[in-house]
Amino acid sequence: MNKIKQRATLYSIALVILLIIIFIVTIIQDKKHVLNEKTSAHRALLRNSFDLAILDTQKGLSELACKIAGNRDIVDAFAAQDREKLYRLTLPYFEEAKQRGDVDMSGFIGADGVHFLRLQEPKKFGDNILHKRPVLAHAITTRQSVTTLDVTIYDVSVVTIIPIFKNESFIGIIQTVAKIDRVQKRLDAHSGIKSAIAFDTKKLKNLLPDSNHIVYQGYSIVSSNDPLFNQLPATFTFNESNRYSIASNDYVIASRPLTNYQNEIIAMMTCAFDITEDVAEYEREIRNLIAISLFLVTVVGIILHYGFNILIRRIERDTEITRELNQKLEHQLHTDNLTSLPNRNALIRDIHATRFYALILLNIDNFKEINDFYGHAIGDETILALTQSIQEAIRDLPMQLYKMPSDEYAIALSESMSSANLEAARLSIVHHLQSQYYNLHGASIYVTLTMGMDIARSRHVHAIDLLANADMALKSAKKRRLSYQLYDETMQIRQEYQHNILWSKKLKEAIEEKQFCLYYQPIFDAKNGEIVEHEALIRMIDNNGEIVSPGFFLPAARQSRLYPLLSQFVIEEIFTMLETTPYTFSMNLSIDDIFDKPTKEFLIQKLHASAHTHRIIFELLESEGIENYPEVSAFISEVKRFGCRIAIDDFGTGYSNFAHIIKLDVDILKIDGSLIRNVDTDTNAQTILTAITEFSKHLGLKTVAEFVHSEAVYNKCIELGVDYLQGYYLGEPKPL
């Protein structure tokens, strides 16, 4: 019996020991898994911290370069080769950025590649180092901005280069430079990350032949902020992220390639994060687990009751730490810093994971003005106040709010709605937002919004198309000055983009080859039939010698900012005709021409130089912002001093407000063709035309009827008292 009991006891103890061993092995595996998860989280933190440090450095360099290149006085001094003035104007920007820790060096290099000014060494200039610095030669050749990693005579650095133009003429570049150790300092200061830069040894010897550095696998460590990079183990490799033990400490070490402007890998950024405490905690827990297990052999019951619960709690604690790390990373990636709303990354993620039935994009119309007038602090508070207002507006709706970049928001509809209910919801949101005034630090701010929306009309619509279509609808609304636009395939926005790209290319080539001419359409006196003036109309001559009307290329000119060149061409041609012919000429001016300083200065210069300015009529388009009285009135007053006359073109299609016409002191009203086209049969058009002519006579204004295309229209315009007539019935546009 005793033998049986002993045997049973031995079997029981063996079974308990076996269970304990299985339990211990399981816990050890879980601990290893937790340690590996922590290590993975640290790797992700290394990658994100490095990206933020590089972006922060590049941002500082770009801001400095843009401030300098955007200062007209600095550009003028550079163009005039005035080194002392250039140094005096630029130095405050440089010193301020250097004090912030954004820049180490900066300088101007002429279009010929010669160093014109080094801000850190103003007495050193006149040398040409393009053969040593290919990136400088690349920037001068392409005349495009470059941000890259480069090797200067001082060290490996982050470099930003921006081209500088004077009146469309390339005069050189501005270079801003931050040594790579600034990136490392940011990593260490913000995240406690140790780092080193390993440069391709062969390329480094070519650029800095006297350099002498520690070499690993064909790379030389040129900069480090911790001695651990001097004793990397033999198993270290740049290609993999691993955990290493160095000098009694444990590190997660990860490397990533650094490329230059040609996308060539020229260096490796190696970052190390100390995980000694994590490893020590892991080893401590394993030792404690073994001790507890030995104790379990003698006190099985107590160990099984209490030890299991303790271990489970520890596992949960470690898992919670890992989960918190992952949540922090997830939050950084998918949350807007200012508003704490989900950001664009979150929207794209949710679009693929969840079915959205509609997507609305909101853009603040006047946010730039708010920032410029009140400052960025008030701008941020405006964003926060508007965010709260939008959340209030959609609180009871099945909608999710996202903060897009800059001054945009997205509202996603997560439940199906009828078209009527969706439109009612949209109007409710608009009404709520339009009724809000924000009192911020004594300033009463009113925000206006433009809205673009797309509706998923079937389950087969690609999710990402919803965002792209809503964005196109928003851009279309902005362009057409609408407060709201629903995406429609008939909008042909993509075709419009392609059309503008094609004509922008043709337009640029035509400008370079000077393939433009002016056609002139006569305007007749309704009483005696004599020609009183000629309206100048621009035409393009294509490669086949055919004449292209402006409807094809003017929209592209406005989009590509080539429009001022066309305006200056027309001005030049008209003043040439004034000198060689006895005729009176009228030319079209847009509000853009009046607001464009070079175009306006060019026109005023021509007026000063001409003795025939009394034979010029400027036609302003009524619907293009003519209500901006101060600017437009100032221009009209200035040109009238030269004896010029002012006509309002397309009258009757825009604001049609006689009050602002009176304020602007114009001389002629050109009545839009939409009122003239059917005036012989349309009684409403006849009534409007009669009112315009009678009112104009009381004010002493002359009227011109456009689009006189038939004898019946011609006779009716004379009958209704129009002063001047223009149209294909009387004379087509043609060269003089």
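Patches are made of residues with over 30% relative accessible area and no salt bridge, where like charges are joined within 9 Å and nonpolar side chains (Val, Leu, Ile, Met, Phe, Trp, Tyr) within 5 Å. This is a predicted model, in which local features need pLDDT of at least 70 and side-chain atom pairs count only at pLDDT 80 or more, while totals for chains, interfaces and linings use all residues. Residues are numbered from 1 along each chain as its sequence is written, and side-chain values use heavy atoms, with hydrogens and water left out.

**Exercise 1. Find a nonpolar surface patch and place L19 in it.**

Step 1. The patch consists of L15, L18, L19 and I22, which together have about 380 Å² of accessible area (Shrake-Rupley method, 1.4 Å probe; for residues, only the protein chains shown count as cover).

Step 2. L19 sits in helix 1, residues 2-69. Helices (H or I, at least four residues) and strands (E, at least two) are DSSP runs, numbered from the N terminus.

Step 3. Is L19 buried or exposed? Its relative accessible area is 51%, so L19 is exposed, given that buried means under 20%, exposed over 50% and partly exposed in between (1.4 Å probe, protein chains only).

**Exercise 2. Describe the largest nonpolar core.**

Step 1. A nonpolar core is a set of buried Ala, Val, Leu, Ile, Met, Phe, Trp, Tyr and Cys residues joined through side-chain atoms within 4.5 Å.

Step 2. The largest core has 63 residues, and F553, L607 and F618 touch the most other members. Helix 16 (residues 563-580) gives the most to this core, with 8 residues.

Step 3. Now look around F618: leaving out residues up to four places away in sequence, its contacts (heavy atoms within 4.5 Å) include M587, L589, L603 and V639.

Step 4. A second, separate core has 45 residues, among them L61, L86, L258 and A267.

**Exercise 3. Work through three salt bridges.**

Step 1. Side chains of opposite charge can pair when their charged atoms come close. The rule here asks for a side-chain nitrogen of Lys or Arg within 4 Å of a carboxyl oxygen of Asp or Glu, and the count comes to 17 salt bridges.

Step 2. K166 and D76 meet at 2.4 Å, N to O. This pair links distant parts of the chain, 90 residues apart: K166 is in strand 4 (residues 156-166) and D76 in helix 2 (residues 72-79). K166 is partly exposed at 25%, and D76 is partly exposed at 27%.

Step 3. D365 and K478 meet at 2.8 Å, N to O. They are 113 residues apart, with D365 in the loop between strand 12 (358-364) and helix 10 (367-374), and K478 in helix 13 (residues 463-479).

Step 4. E423 and R426 also form a salt bridge, at 2.8 Å, N to O. Both lie in helix 12 (residues 419-434), 3 residues apart, about one turn of the helix. E423 is partly exposed at 30%, whereas R426 is buried at 7%.

**Exercise 4. Classify the ring pair F78 and F116.**

Step 1. Rings of Phe, Tyr and Trp (its six-membered ring) pair if their centres lie within 6.5 Å; planes under 30 degrees apart count as stacked, over 60 as edge-to-face and the rest as tilted. The whole structure has 10 aromatic pairs.

Step 2. The ring centres of F78 and F116 are 5.7 Å apart and the planes are at 40°, so the pair is tilted.

Step 3. F78 lies in helix 2 and F116 in strand 2 (residues 115-118), 38 residues apart. Both F78 and F116 are buried, and ring pairs link F78, F108 and F116 into a cluster.
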